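User: Please take a close look at one part of this model for me, and then connect it to the rest of the chain. I would like a careful account of surroundings and burial.

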Amino acid sequence: MILADKISMLRKQNGWSQEELAEQLGISRQSVSKWESGNAIPDLDRVLKLGELFGVSTDYLLKDHMEEMPLSEFPGVSDGTGLMVSLDEANDFMELTRKSAWKIAVGVALCILSPVCLILLGGVSEYRTNSITEDMAGGIGMVILLIMVAIGVAILILTGMQLSRFEYLEKEVFSLQFGVEGIVEKKKELFESTFRFCVAAGVVLCILGVIPLMLAMAIDEDLVSVVCVGLLLMFVACGVYILVWSGMIHGSYEKLLQVGDYTQDKKKMNKKTSPFAGAYWCIVTAIYLGISLTSNRWGETWVIWPVAGLLFAALWGILHIVAKEEK
(Lines give C-alpha, C1' and ligand atoms only; values in the text may rest on other atoms or scores of the structure.)
Protein backbone atom coordinates (compact mmCIF):
# COMPACT_ATOMS: atom_id res chain seq x y z
CA MET A 1 0.00 0.00 0.00
CA ILE A 2 1.41 3.38 -0.98
CA LEU A 3 1.40 6.60 1.06
CA ALA A 4 -1.66 8.01 -0.76
CA ASP A 5 -3.75 4.93 0.05
CA LYS A 6 -2.60 4.91 3.68
CA ILE A 7 -3.60 8.55 4.23
CA SER A 8 -7.04 7.91 2.74
CA MET A 9 -7.55 4.69 4.73
CA LEU A 10 -6.43 6.17 8.07
CA ARG A 11 -8.54 9.31 7.57
CA LYS A 12 -11.64 7.22 6.94
CA GLN A 13 -10.87 4.95 9.90
CA ASN A 14 -10.83 8.03 12.12
CA GLY A 15 -14.11 9.22 10.61
CA TRP A 16 -12.66 12.47 9.30
CA SER A 17 -13.53 14.22 6.08
CA GLN A 18 -10.79 15.75 3.95
CA GLU A 19 -11.80 19.18 5.29
CA GLU A 20 -11.47 18.02 8.91
CA LEU A 21 -8.05 16.49 8.34
CA ALA A 22 -6.91 19.61 6.47
CA GLU A 23 -8.08 21.82 9.34
CA GLN A 24 -6.04 19.83 11.87
CA LEU A 25 -2.96 20.14 9.67
CA GLY A 26 -3.52 23.82 8.90
CA ILE A 27 -3.70 23.29 5.14
CA SER A 28 -6.34 23.38 2.41
CA ARG A 29 -8.69 20.50 1.56
CA GLN A 30 -7.23 20.50 -1.98
CA SER A 31 -3.83 19.57 -0.55
CA VAL A 32 -5.27 16.52 1.20
CA SER A 33 -7.13 15.58 -1.98
CA LYS A 34 -3.89 15.75 -3.98
CA TRP A 35 -2.11 13.55 -1.41
CA GLU A 36 -4.80 10.90 -1.57
CA SER A 37 -4.90 10.90 -5.37
CA GLY A 38 -1.12 10.56 -5.59
CA ASN A 39 -0.68 13.87 -7.43
CA ALA A 40 1.35 15.35 -4.58
CA ILE A 41 3.32 14.16 -1.55
CA PRO A 42 3.35 15.80 1.91
CA ASP A 43 6.67 17.14 3.09
CA LEU A 44 8.48 15.49 5.99
CA ASP A 45 7.00 17.83 8.62
CA ARG A 46 3.48 16.99 7.42
CA VAL A 47 4.30 13.28 7.50
CA LEU A 48 5.40 13.59 11.13
CA LYS A 49 2.18 15.45 11.96
CA LEU A 50 0.10 12.82 10.13
CA GLY A 51 1.80 10.10 12.17
CA GLU A 52 0.87 11.90 15.39
CA LEU A 53 -2.73 12.44 14.31
CA PHE A 54 -3.28 8.86 13.12
CA GLY A 55 -1.27 7.27 15.93
CA VAL A 56 1.07 5.41 13.58
CA SER A 57 4.81 5.56 12.98
CA THR A 58 6.36 7.50 10.14
CA ASP A 59 7.91 4.18 9.07
CA TYR A 60 4.44 2.84 8.38
CA LEU A 61 3.50 5.92 6.34
CA LEU A 62 6.68 6.17 4.32
CA LYS A 63 7.43 2.52 3.61
CA ASP A 64 5.43 0.37 1.25
CA HIS A 65 6.79 -2.65 3.17
CA MET A 66 7.26 -2.63 6.91
CA GLU A 67 10.70 -4.23 7.22
CA GLU A 68 13.28 -2.38 9.34
CA MET A 69 15.93 -0.38 7.49
CA PRO A 70 18.32 2.49 8.30
CA LEU A 71 17.47 6.10 7.47
CA SER A 72 19.76 6.15 4.45
CA GLU A 73 17.53 3.52 2.82
CA PHE A 74 14.25 5.42 3.19
CA PRO A 75 12.59 6.26 -0.13
CA GLY A 76 13.59 9.79 -1.00
CA VAL A 77 16.40 10.14 1.55
CA SER A 78 19.57 10.49 -0.45
CA ASP A 79 22.73 8.79 0.74
CA GLY A 80 24.84 11.41 -0.98
CA THR A 81 25.88 9.18 -3.85
CA GLY A 82 23.11 9.96 -6.33
CA LEU A 83 20.61 12.51 -7.57
CA MET A 84 17.20 13.15 -6.03
CA VAL A 85 14.10 12.80 -8.23
CA SER A 86 10.97 14.59 -7.01
CA LEU A 87 7.37 13.62 -7.68
CA ASP A 88 6.90 16.50 -10.15
CA GLU A 89 10.00 15.45 -12.07
CA ALA A 90 8.92 11.80 -12.15
CA ASN A 91 5.42 12.75 -13.32
CA ASP A 92 6.86 15.03 -16.03
CA PHE A 93 9.05 12.18 -17.28
CA MET A 94 6.25 9.60 -17.32
CA GLU A 95 3.83 12.01 -19.03
CA LEU A 96 6.37 13.11 -21.67
CA THR A 97 7.28 9.48 -22.36
CA ARG A 98 3.60 8.57 -22.74
CA LYS A 99 3.09 11.40 -25.25
CA SER A 100 6.33 10.61 -27.11
CA ALA A 101 5.92 6.83 -27.29
CA TRP A 102 3.48 6.82 -30.22
CA LYS A 103 5.63 9.36 -32.11
CA ILE A 104 8.75 7.22 -31.76
CA ALA A 105 6.71 4.18 -32.80
CA VAL A 106 5.44 6.00 -35.91
CA GLY A 107 8.98 7.07 -36.83
CA VAL A 108 10.26 3.49 -36.62
CA ALA A 109 7.24 2.14 -38.53
CA LEU A 110 7.76 4.66 -41.35
CA CYS A 111 11.36 3.51 -41.77
CA ILE A 112 10.18 -0.11 -41.99
CA LEU A 113 7.43 0.74 -44.50
CA SER A 114 9.62 2.99 -46.66
CA PRO A 115 10.70 0.26 -49.18
CA VAL A 116 7.13 -1.00 -49.77
CA CYS A 117 6.35 1.33 -52.69
CA LEU A 118 9.73 0.66 -54.30
CA ILE A 119 9.18 -3.11 -54.05
CA LEU A 120 5.62 -2.97 -55.40
CA LEU A 121 6.43 -0.59 -58.27
CA GLY A 122 9.49 -2.67 -59.15
CA GLY A 123 7.37 -5.81 -59.29
CA VAL A 124 4.74 -4.13 -61.47
CA SER A 125 7.37 -2.82 -63.89
CA GLU A 126 9.02 -6.23 -64.18
CA TYR A 127 5.96 -8.47 -64.47
CA ARG A 128 3.49 -6.02 -66.06
CA THR A 129 5.75 -4.40 -68.61
CA ASN A 130 2.97 -2.34 -70.20
CA SER A 131 2.09 -0.55 -66.95
CA ILE A 132 5.25 1.36 -66.00
CA THR A 133 8.90 1.40 -67.05
CA GLU A 134 11.57 0.02 -64.75
CA ASP A 135 13.38 3.37 -64.52
CA MET A 136 10.18 5.22 -63.67
CA ALA A 137 9.27 2.64 -61.04
CA GLY A 138 12.74 2.87 -59.48
CA GLY A 139 12.70 6.67 -59.50
CA ILE A 140 9.25 7.05 -57.96
CA GLY A 141 9.92 4.27 -55.45
CA MET A 142 13.22 5.83 -54.30
CA VAL A 143 11.63 9.27 -53.92
CA ILE A 144 8.85 7.84 -51.72
CA LEU A 145 11.37 5.77 -49.76
CA LEU A 146 13.60 8.79 -49.04
CA ILE A 147 10.62 10.97 -48.08
CA MET A 148 9.30 8.36 -45.63
CA VAL A 149 12.75 7.78 -44.13
CA ALA A 150 13.32 11.53 -43.82
CA ILE A 151 9.98 12.01 -42.04
CA GLY A 152 10.65 9.03 -39.77
CA VAL A 153 14.16 10.18 -38.87
CA ALA A 154 12.94 13.75 -38.26
CA ILE A 155 10.30 12.43 -35.85
CA LEU A 156 12.90 10.33 -34.03
CA ILE A 157 15.37 13.22 -33.73
CA LEU A 158 12.83 15.83 -32.59
CA THR A 159 11.18 13.51 -30.09
CA GLY A 160 14.55 12.32 -28.85
CA MET A 161 15.60 15.92 -28.23
CA GLN A 162 12.51 16.45 -26.07
CA LEU A 163 13.36 13.37 -23.99
CA SER A 164 17.07 14.19 -23.77
CA ARG A 165 16.69 16.19 -20.53
CA PHE A 166 15.78 12.94 -18.78
CA GLU A 167 18.76 10.96 -20.09
CA TYR A 168 20.31 10.96 -16.61
CA LEU A 169 17.55 8.59 -15.44
CA GLU A 170 18.98 5.96 -17.78
CA LYS A 171 22.64 6.62 -17.02
CA GLU A 172 22.97 8.00 -13.48
CA VAL A 173 22.32 6.52 -10.05
CA PHE A 174 19.61 8.46 -8.22
CA SER A 175 17.17 8.34 -5.29
CA LEU A 176 13.42 8.88 -5.39
CA GLN A 177 11.71 11.35 -3.08
CA PHE A 178 9.75 9.53 -0.38
CA GLY A 179 6.44 8.24 -1.68
CA VAL A 180 7.42 8.45 -5.37
CA GLU A 181 8.44 4.80 -5.59
CA GLY A 182 5.02 3.61 -4.46
CA ILE A 183 3.22 5.81 -7.00
CA VAL A 184 5.44 4.61 -9.87
CA GLU A 185 5.02 0.97 -8.83
CA LYS A 186 1.24 1.40 -8.81
CA LYS A 187 1.27 2.88 -12.34
CA LYS A 188 3.56 0.11 -13.52
CA GLU A 189 1.25 -2.51 -12.03
CA LEU A 190 -1.78 -0.97 -13.77
CA PHE A 191 0.05 -0.95 -17.14
CA GLU A 192 1.47 -4.47 -16.74
CA SER A 193 -1.48 -6.30 -18.34
CA THR A 194 -1.51 -3.86 -21.29
CA PHE A 195 2.23 -4.32 -21.74
CA ARG A 196 1.98 -8.13 -21.76
CA PHE A 197 -0.87 -8.00 -24.30
CA CYS A 198 1.09 -5.59 -26.55
CA VAL A 199 4.20 -7.79 -26.46
CA ALA A 200 2.14 -10.84 -27.43
CA ALA A 201 0.25 -8.93 -30.15
CA GLY A 202 3.44 -7.41 -31.59
CA VAL A 203 5.22 -10.76 -31.80
CA VAL A 204 2.16 -12.46 -33.30
CA LEU A 205 1.85 -9.78 -36.02
CA CYS A 206 5.50 -10.22 -36.97
CA ILE A 207 4.97 -13.99 -37.22
CA LEU A 208 1.72 -13.65 -39.19
CA GLY A 209 3.53 -11.48 -41.73
CA VAL A 210 5.25 -14.61 -43.04
CA ILE A 211 1.92 -16.27 -43.92
CA PRO A 212 1.35 -14.25 -47.14
CA LEU A 213 4.80 -15.33 -48.37
CA MET A 214 3.93 -18.96 -47.71
CA LEU A 215 0.71 -18.56 -49.68
CA ALA A 216 2.60 -16.88 -52.51
CA MET A 217 4.95 -19.85 -52.75
CA ALA A 218 1.94 -22.11 -53.10
CA ILE A 219 0.41 -19.93 -55.84
CA ASP A 220 3.76 -19.64 -57.66
CA GLU A 221 2.97 -16.22 -59.13
CA ASP A 222 5.87 -13.73 -59.25
CA LEU A 223 3.80 -10.56 -58.87
CA VAL A 224 1.85 -12.09 -55.97
CA SER A 225 5.18 -12.83 -54.25
CA VAL A 226 6.18 -9.18 -54.60
CA VAL A 227 2.88 -8.03 -53.11
CA CYS A 228 3.31 -10.48 -50.25
CA VAL A 229 6.72 -8.99 -49.42
CA GLY A 230 4.99 -5.64 -49.07
CA LEU A 231 2.36 -7.23 -46.81
CA LEU A 232 5.14 -8.75 -44.72
CA LEU A 233 6.66 -5.33 -44.11
CA MET A 234 3.24 -3.92 -43.21
CA PHE A 235 2.64 -6.65 -40.64
CA VAL A 236 6.13 -6.14 -39.20
CA ALA A 237 5.63 -2.35 -39.07
CA CYS A 238 2.36 -2.77 -37.14
CA GLY A 239 3.96 -5.27 -34.76
CA VAL A 240 7.00 -3.07 -34.16
CA TYR A 241 4.75 -0.03 -33.59
CA ILE A 242 2.93 -1.86 -30.79
CA LEU A 243 6.18 -3.17 -29.27
CA VAL A 244 7.90 0.23 -29.32
CA TRP A 245 4.88 2.10 -27.91
CA SER A 246 4.32 -0.27 -25.01
CA GLY A 247 8.04 -0.81 -24.42
CA MET A 248 8.75 2.90 -24.01
CA ILE A 249 5.96 3.42 -21.48
CA HIS A 250 6.90 0.28 -19.53
CA GLY A 251 10.55 1.28 -19.72
CA SER A 252 9.81 4.68 -18.17
CA TYR A 253 8.56 2.94 -15.02
CA GLU A 254 11.60 0.65 -14.93
CA LYS A 255 13.97 3.62 -15.32
CA LEU A 256 12.41 5.40 -12.33
CA LEU A 257 12.36 2.23 -10.22
CA GLN A 258 15.88 1.28 -11.40
CA VAL A 259 14.93 -2.32 -12.15
CA GLY A 260 15.31 -4.61 -15.18
CA ASP A 261 17.87 -3.16 -17.57
CA TYR A 262 18.28 -0.01 -15.43
CA THR A 263 19.65 -1.33 -12.14
CA GLN A 264 22.45 0.63 -10.52
CA ASP A 265 25.01 -2.09 -11.33
CA LYS A 266 24.00 -2.13 -15.02
CA LYS A 267 24.21 1.66 -15.22
CA LYS A 268 27.75 1.64 -13.85
CA MET A 269 28.71 -1.13 -16.26
CA ASN A 270 27.16 0.64 -19.26
CA LYS A 271 29.23 3.73 -18.48
CA LYS A 272 32.34 1.63 -19.01
CA THR A 273 31.16 -0.19 -22.14
CA SER A 274 29.08 2.46 -23.98
CA PRO A 275 32.09 4.09 -25.78
CA PHE A 276 32.71 0.74 -27.48
CA ALA A 277 29.25 0.71 -29.10
CA GLY A 278 29.65 4.17 -30.66
CA ALA A 279 33.10 3.39 -32.05
CA TYR A 280 32.03 -0.04 -33.33
CA TRP A 281 29.05 1.16 -35.38
CA CYS A 282 31.02 4.09 -36.81
CA ILE A 283 33.62 1.61 -38.08
CA VAL A 284 30.93 -0.72 -39.49
CA THR A 285 29.24 2.18 -41.30
CA ALA A 286 32.57 3.28 -42.78
CA ILE A 287 33.31 -0.27 -43.98
CA TYR A 288 29.81 -0.63 -45.49
CA LEU A 289 30.02 2.66 -47.39
CA GLY A 290 33.58 1.98 -48.52
CA ILE A 291 32.82 -1.48 -49.92
CA SER A 292 29.49 -0.42 -51.45
CA LEU A 293 30.85 2.67 -53.17
CA THR A 294 33.90 0.92 -54.60
CA SER A 295 32.11 -2.22 -55.73
CA ASN A 296 28.74 -0.59 -56.57
CA ARG A 297 27.06 -3.81 -55.41
CA TRP A 298 24.52 -2.30 -53.02
CA GLY A 299 22.15 -5.21 -53.46
CA GLU A 300 24.70 -7.56 -51.87
CA THR A 301 26.64 -5.45 -49.38
CA TRP A 302 23.61 -5.14 -47.07
CA VAL A 303 24.67 -8.49 -45.63
CA ILE A 304 27.34 -6.55 -43.69
CA TRP A 305 24.65 -5.27 -41.27
CA PRO A 306 23.25 -8.61 -39.99
CA VAL A 307 26.79 -9.99 -39.71
CA ALA A 308 27.88 -6.86 -37.82
CA GLY A 309 24.84 -7.17 -35.54
CA LEU A 310 25.67 -10.76 -34.59
CA LEU A 311 29.34 -9.89 -34.05
CA PHE A 312 28.35 -6.90 -31.93
CA ALA A 313 26.15 -9.06 -29.69
CA ALA A 314 29.03 -11.48 -29.14
CA LEU A 315 31.59 -8.73 -28.42
CA TRP A 316 29.13 -6.90 -26.17
CA GLY A 317 28.60 -10.05 -24.11
CA ILE A 318 32.35 -10.62 -23.79
CA LEU A 319 32.87 -6.99 -22.77
CA HIS A 320 30.26 -7.28 -20.01
CA ILE A 321 31.82 -10.50 -18.72
CA VAL A 322 35.24 -8.81 -18.55
CA ALA A 323 33.73 -5.79 -16.77
CA LYS A 324 32.05 -8.06 -14.19
CA GLU A 325 35.31 -9.91 -13.53
CA GLU A 326 37.15 -6.63 -13.03
CA LYS A 327 34.44 -5.51 -10.58
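Analyst: Leaving out residues up to four places away in sequence, Lys-255 touches Phe-93, Leu-169, Glu-170, Phe-174, Tyr-262 and Lys-267. The model in which these contacts are found is a predicted one, and the residue itself sits in helix H12, which runs over residues 222-257. Lys-255 counts as buried because its relative accessibility is 18%, and the cut-off for that class is under 20%.

Just past H12 comes Gln-258, placed in the loop between H12 and helix H13 (264-295). Gln-258 is not a glycine, yet its phi is positive, at about 55°. With a relative accessibility of 13%, Gln-258 is also classed as buried.

Going back along H12, one meets Gly-247, which is in this helix too. Gly-247 has a relative accessible area of 30% and is therefore described as partly exposed. From its C-alpha to that of Arg-196 the distance is 9.9 Å, although 51 residues separate the two in sequence.

Ala-105, a residue of helix H6, brings in another part of the chain. Apart from neighbours within four places in sequence, Ala-105 is in contact with Tyr-241, Val-244 and Trp-245. The C-alpha atoms of Ala-105 and Ser-246 lie 9.3 Å apart in space, while the two residues are 141 apart in sequence. Ala-105 is buried, since its relative accessible area is 0%.

Helix H6 itself covers residues 87-113, and its 27 residues should span 39 Å at 1.5 Å a residue, which agrees with the 39 Å between its end C-alpha atoms. H6 nevertheless carries a kink of about 35°, centred on Ser-100.

A further long-range pair involves Gly-123, which is located in helix H7 (residues 116-127). The C-alpha atoms of Gly-123 and Val-227 are separated by 7.9 Å, with their positions 104 residues apart along the chain. Gly-123 is buried, because its relative accessible area is 4%.

For helix H8, residues 134-163, the first and last C-alpha atoms are 43 Å apart, close to the 44 Å expected for its 30 residues at 1.5 Å a residue. Its buried residues are Ala-137, Gly-141, Leu-145, Met-148, Gly-152, Thr-159 and Leu-163. As background to such a list, an α-helix has 3.6 residues a turn, so residues three or four places apart point the same way.

Towards the start of the chain, helix H2 (residues 18-25) packs against helix H4 (residues 44-54) at an angle of about 115°, and their axes are 11 Å apart. The crossing of H2 and H4 is right-handed. On the H2 side, Leu-21, Gln-24 and Leu-25 take part, and they meet Arg-46, Lys-49, Leu-50, Leu-53 and Phe-54 of H4. Sorted by class, this contact has 5 nonpolar, 1 polar and 2 charged residues.

These parts belong to a chain with 15 helices and 2 strands. Of its 327 residues, 34% are buried, and Lys-255 belongs to that class at 18% relative accessibility. Among contacts in the chain with a separation of 6 or more, 74% are accounted for by residues 24 or more positions apart.

Notes. Residues numbered from 1 in each chain as written. Predicted model: local features only at pLDDT ≥ 70, side-chain atom pairs only at ≥ 80, totals over all residues. Heavy atoms only, no water. Axes fitted to C-alpha atoms, helices over the stretch in contact; angles between N-to-C directions. Helix = DSSP H or I, 4+ residues; strand = E, 2+ residues; numbered from the N terminus. Left-handed = near helix turned anticlockwise from the far one by under 90°. Contact = heavy atoms within 4.5 Å. Nonpolar A, V, L, I, M, F, W, Y, C, P; charged D, E, K, R; others polar. Buried < 20%, exposed > 50% of the residue type's maximum accessible area, 1.4 Å probe, protein only. Expected span 1.5 Å × (residues − 1). Bend = angle between axes of the 7 residues up to and from the residue.
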